[in-house]
Amino acid sequence: MAADGNITKDVIYDAVAPDDFESMLELDRYNARSTAFDKIISATHDHFWDPLDAKYIDFSEPFDMENTMILPEKLVGALQTEYVKQMLPTEKQRIAFANAQALRTFSSILHGEQGALNLSASLCHVLKDQGAQEYAANQTREEARHVTAFAKYIKARWGRPAPCGPFLQQLLTEIIHAPEVYKKIIGMQMLVEGLAMGAFATIYKETSDPLARKLTQLVMTDEAFHHKFGKIWADRTIPNLTPEEHAVIEDWAAHCFQALLFNLVAPNQNISLYEEFGLDPNRVVAEMSELVTDERRREDMKEATNIFRVLVKTLVNAGIVTDRTKMFYATYVDLDELRSEGDKMVGDDIAEEGIKFLQEINFKDRAAKQILIAAE
């Protein structure tokens, strides 16, 4: 491990301090560009889309917020408690509550995309390899359009985003400010991007809003490639770690996963929502805590699009999980089953269909180009 805490096993992930611009001017650096990211860089043209152009997505598409839930009631944990059912007995009240919860869900996604934008931009300052730098610059551009798109969607449906939850804000800040490249890649490129793919696949499958469905599919056409960047890092790094280095990386991954599992959708992150509807937050939190048991988590993680199942699969496929931590993950999901599923991630099929749609627009006057969804 380097003195700065970085664990660099492949020159393409060599990093310098954020303020060390002089290293970027080294002459030999310009002739040492790796080709590891060329496929996912070139594929950028296949999945280009513009949230400001209605031919890709039209944010003026209406939706009956008063009479229809954007996300189904089964995905709104508080509506499963007896207390909330008693306090919000009418269908109109439940719809209003569910859509207010959906606002917080989409706002969390918006804040996560802002975090991804800042993180990928920070990689441009520290990654020394030109290919890695170009990829990070491409991702920065794509994350920027995600921020624009989710901001426009929230404005169209609610007017204004909800604040970032305290846990998510703390975790994003920790990852973005981490000086170690491995923390950035595991925290954002693998876990948060994996979380996003699971969340988008769930929304795509469950939402009753065609605009939300189109939006998540378009974003997934980008996120699938962002996830590949983390996989390339894992393939070139994990097999070459010393036991001590592997333990450091494994512990960081477990820290991020555990924090997400127990805090991201915890009922105490939505106190303002309960107060908005005249509910006693303590009652809601107490009843939801009784429902969200380890047994419930295990049952939920049997669903392929469950966001936490996607996270475990990401870590298992990357070779990060060893005997040191496998029992923690095995509490919630069958690790052998995950390994047997191979590298294909949830949402890849949805993303591929989205890329075909984009190719029809972007290359309508040219022969269809091959989809480069997987990086070697």
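Is Arg324 buried, partly exposed or exposed, by its relative accessibility? In this predicted model, Arg324 counts as partly exposed, because its relative accessibility is 48%, which does not pass the mark of over 50% set for exposed residues. This briefing covers selected salt bridges, among the 25 that the structure holds, and then turns to the surroundings of Thr202 in helix α6.

**Arg324 and Glu250**

- Arg324 is joined to Glu250 by a salt bridge, and 2.8 Å separates the closest N and O atoms.
- Glu250 belongs to helix α8 (residues 243–263), whereas Arg324 sits in the loop between α12 (307–317) and α13 (326–330); the pair therefore ties together parts that are 74 residues apart in sequence.
- Glu250 counts as buried, because its relative accessibility is 2%, while its partner Arg324 is partly exposed at 48%.

**Glu337, Arg309 and their network**

- A salt bridge also connects the side chains of Glu337 and Arg309, with an N to O distance of 2.8 Å.
- Because Arg309 lies in helix α12 and Glu337 in helix α14 (residues 335–340), this pair ties together parts that are 28 residues apart in sequence.
- Arg309 has a relative accessible area of 4% and is therefore buried.
- Glu337, with a relative accessibility of 39%, counts as partly exposed.
- Both residues take part in a network of salt bridges that links Arg309, Lys313, Glu337 and Glu341.

**Glu180 and Lys183**

- The side chains of Glu180 and Lys183 form a salt bridge with an N to O distance of 3.8 Å.
- That distance qualifies because the cut-off for a salt bridge is 4 Å.
- Glu180 has a relative accessibility of 13% and so counts as buried, since buried means under 20%.

**Thr202 and its surroundings**

- Thr202 is located in helix α6, which comprises residues 181–206.
- With a relative accessibility of 17%, Thr202 counts as buried.
- A polar atom of the Thr202 side chain lies 3.0 Å from the backbone oxygen of Gly198.
- When neighbours within four places in sequence are left aside, Thr202 is in contact with Leu75 and Thr305.

Technical notes:
Residues are numbered from 1 along each chain as its sequence is written. This is a predicted model: local features need pLDDT of at least 70, side-chain atom pairs count only at pLDDT 80 or more; totals for chains, interfaces and linings use all residues. Side-chain values use heavy atoms; hydrogens and water are left out. Buried means under 20% relative accessible area, exposed over 50%, partly exposed in between (1.4 Å probe, protein chains only). Helices (H or I, at least four residues) and strands (E, at least two) are DSSP runs, numbered from the N terminus. A polar contact is a pair of N or O atoms within 3.5 Å; within protein, one must be able to donate a hydrogen and the other to accept it, and residues adjacent in sequence count only if both atoms are side-chain atoms. Contact means heavy atoms within 4.5 Å.
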